[in-house]
Number of protein chains: 2
Amino acid sequence: MPTELRRPERTFTIRQLCTEFKATPRALRFYEDKGLLTPARDGMNRVYSYKDRARLILILRGKRVGLSLQEIREIFELYGEEDEVMAQNAHSLKKFKEKIVVLEQQREDIDGAIAELHEACSRLERHLSDKRPDLLPKAADYDQMMRARVDGHAEPVGAK
Amino acid sequence: MPTELRRPERTFTIRQLCTEFKATPRALRFYEDKGLLTPARDGMNRVYSYKDRARLILILRGKRVGLSLQEIREIFELYGEEDEVMAQNAHSLKKFKEKIVVLEQQREDIDGAIAELHEACSRLERHLSDKRPDLLPKAADYDQMMRARVDGHAEPVGAK
DNA sequence: AATGCCCTTTACGTCAACGTCAAGCATCTG
DNA sequence: CAGATGCTTGACGTTGACGTAAAGGGCATT
């Protein structure tokens, strides 16, 4: 019994993925152009599978950590033809280790930057509450707003 | 006794800072153009002080964590004219808090990416040591190389 | 004095990652 | 059957952060 029958084998339109992940059609087509996605077609229209969706998730996360689309594609290629072009893979391994080093450095940088921003913020807040306390509430409101958006991942569409 | 006489009050040429931090003259001039650096002049030539150098370090770190030059400038401005343009500063405060949230998210992402890359690496290494163990040593060597480059900060110029 | 090297400014080029039209099928809906 | 909507493919525009080439000044060595 083929697996296709065991799961609904759900598919997605471009719009569905876009709204789910806060992307744009243009972006998804762009990724496809760059060889990062290869959705099926129903006539003209793109049809995304679960696999495509998973890939998209990886793409977006890769982007968030500062990988270029090119680098992300290299990773995909690695996972794909796992039994082919081994020399290529050895090369990828090298690049991965490089990237890990870079990312670990970035982590330190980020920690530093966060600390600095915190300090800058409290300096500012002290200063403001001193001389212009009227300006503070709105900032605090905004702070609340941001916190709310963080765990929501895909915030409601209307939230501009 | 002015402090200028207590320390050598060393200065730097553009080239010195560039080689120290692996930047280009064009980049430093660009930062200056954008108001991020304001080195003194000796005739036509730029003369960078310790303060300028410290700023440059902050600029580069900011960049590494994904801050735009614009955002970095805002941080600098905050520390500077602390008693002026308070409304502006309230706005900056908002943006800083946003940025902190983003950075904290990035930290998580990076942790995830590091984990994934580690997994990908060990997958690859198992695979390679299985089928093409001959390809492994060079990768390991390279790994060593990278590790050496990390704490060296400014690696020797010839190391291509 | 000429060569070379490093500095300068000005100005145009580039690259990634899309945004933004434009123009055209296809399908549903009143 | 006329819109309206949603998809498609070009093709050009945009933004940030520089790269690169041109044209020249200043100083040191040959």
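In these legends Ala, Val, Leu, Ile, Met, Phe, Trp, Tyr, Cys and Pro count as nonpolar, Asp, Glu, Lys and Arg as charged, and the others, Gly among them, as polar. The views that follow are all taken from a predicted model.

**View 1. The protein surface near DNA strand C.** The residues of this surface divide into six nonpolar, four polar and seven charged. Altogether 17 residues surround DNA strand C, and the closest of them are A:T24, A:Y31, A:K63, B:R15 and B:R46. Of the strand C atoms that come within 4 Å of the protein, 67% belong to sugar or phosphate, while the rest belong to bases. A polar side-chain atom of A:Y31 lies 2.9 Å from a phosphate oxygen of DNA strand C, and on chain B a polar side-chain atom of B:R29 is placed 3.0 Å from a phosphate oxygen of that strand, as is one of B:R41, also at 3.0 Å. Two or more residues of this surface come from each of helix 3 of chain A and helix 2 (14-21), helix 3 and strand 2 (45-47) of chain B; helix 3 of chain A gives the most, with four residues.

**View 2. The protein surface near DNA strand D.** Around DNA strand D there are 16 residues, of which A:R41, A:R46, B:T24, B:Y31 and B:K63 come nearest. Sugar and phosphate make up 67% of the atoms of DNA strand D that come within 4 Å of the protein. Phosphate oxygens of this strand lie 2.9 Å from a polar side-chain atom of A:R15, 2.5 Å from one of A:R46 and 2.4 Å from one of B:K63. At least two residues of the surface are supplied by each of helix 2 (14-21), helix 3 and strand 2 (45-47) of chain A and helix 3 (25-33) of chain B, and the largest share, four residues, comes from helix 3 of chain B. By class, the surface near DNA strand D has six nonpolar, three polar and seven charged residues.

**View 3. The two faces of helix 3 of chain A.** Within this helix, which spans residues 25-33, A:P25, A:A27, A:L28, A:Y31 and A:E32 are buried. These residues lie on the same side of helix 3 of chain A because they cover an arc of only 165° around the axis. An α-helix has 3.6 residues a turn, so residues three or four places apart point the same way. The face turned away from the buried side carries the exposed residues A:R26 and A:D33, and just after the helix A:G35 takes a positive phi of about 80°.

**View 4. The largest cavity and its lining.** Two cavities of 30 Å³ or more are counted in the model, and the largest has a volume of about 110 Å³. Its lining consists of A:A113, A:E116 and A:L117 together with B:L58, B:R61, B:G62, B:L67, B:I72, B:I75 and B:F76. Helix 6 (86-131) of chain A, along with helix 4 (50-64) and helix 5 (69-80) of chain B, are the elements that give two or more residues to this lining. By class, the lining has seven nonpolar, one polar and two charged residues.

**View 5. A residue of helix 6 in each chain.** In chain A, A:K95 is found in helix 6 and counts as partly exposed because its relative accessibility is 26%. The C-alpha atoms of A:K95 and A:E71 are 9.2 Å apart, although the two residues are 24 residues apart in sequence. In chain B, B:L93 is found in helix 6 (residues 86-131) and is buried, with a relative accessible area of 1%. The C-alpha atoms of B:L93 and B:I75 are separated by 9.8 Å, with the residues 18 apart along the chain.

Definitions and conventions:
Residues numbered from 1 in each chain as written. Chains lettered and ligands numbered in written order. Predicted model: local features only at pLDDT ≥ 70, side-chain atom pairs only at ≥ 80, totals over all residues. Heavy atoms only, no water. Buried < 20%, exposed > 50% of the residue type's maximum accessible area, 1.4 Å probe, protein only. Arc of directions from axis to C-beta. 1 Å grid on protein atoms, 1.4 Å probe; cavity = no way out; pocket = protein on both sides within 12 Å on 5 of 7 lines; lining within 4 Å. Points joined across faces, edges and corners; volume = space filled by probe spheres on them. Near = heavy atom within 4 Å. Polar contact = N/O pair within 3.5 Å; in protein donor to acceptor, adjacent residues only side chain to side chain.
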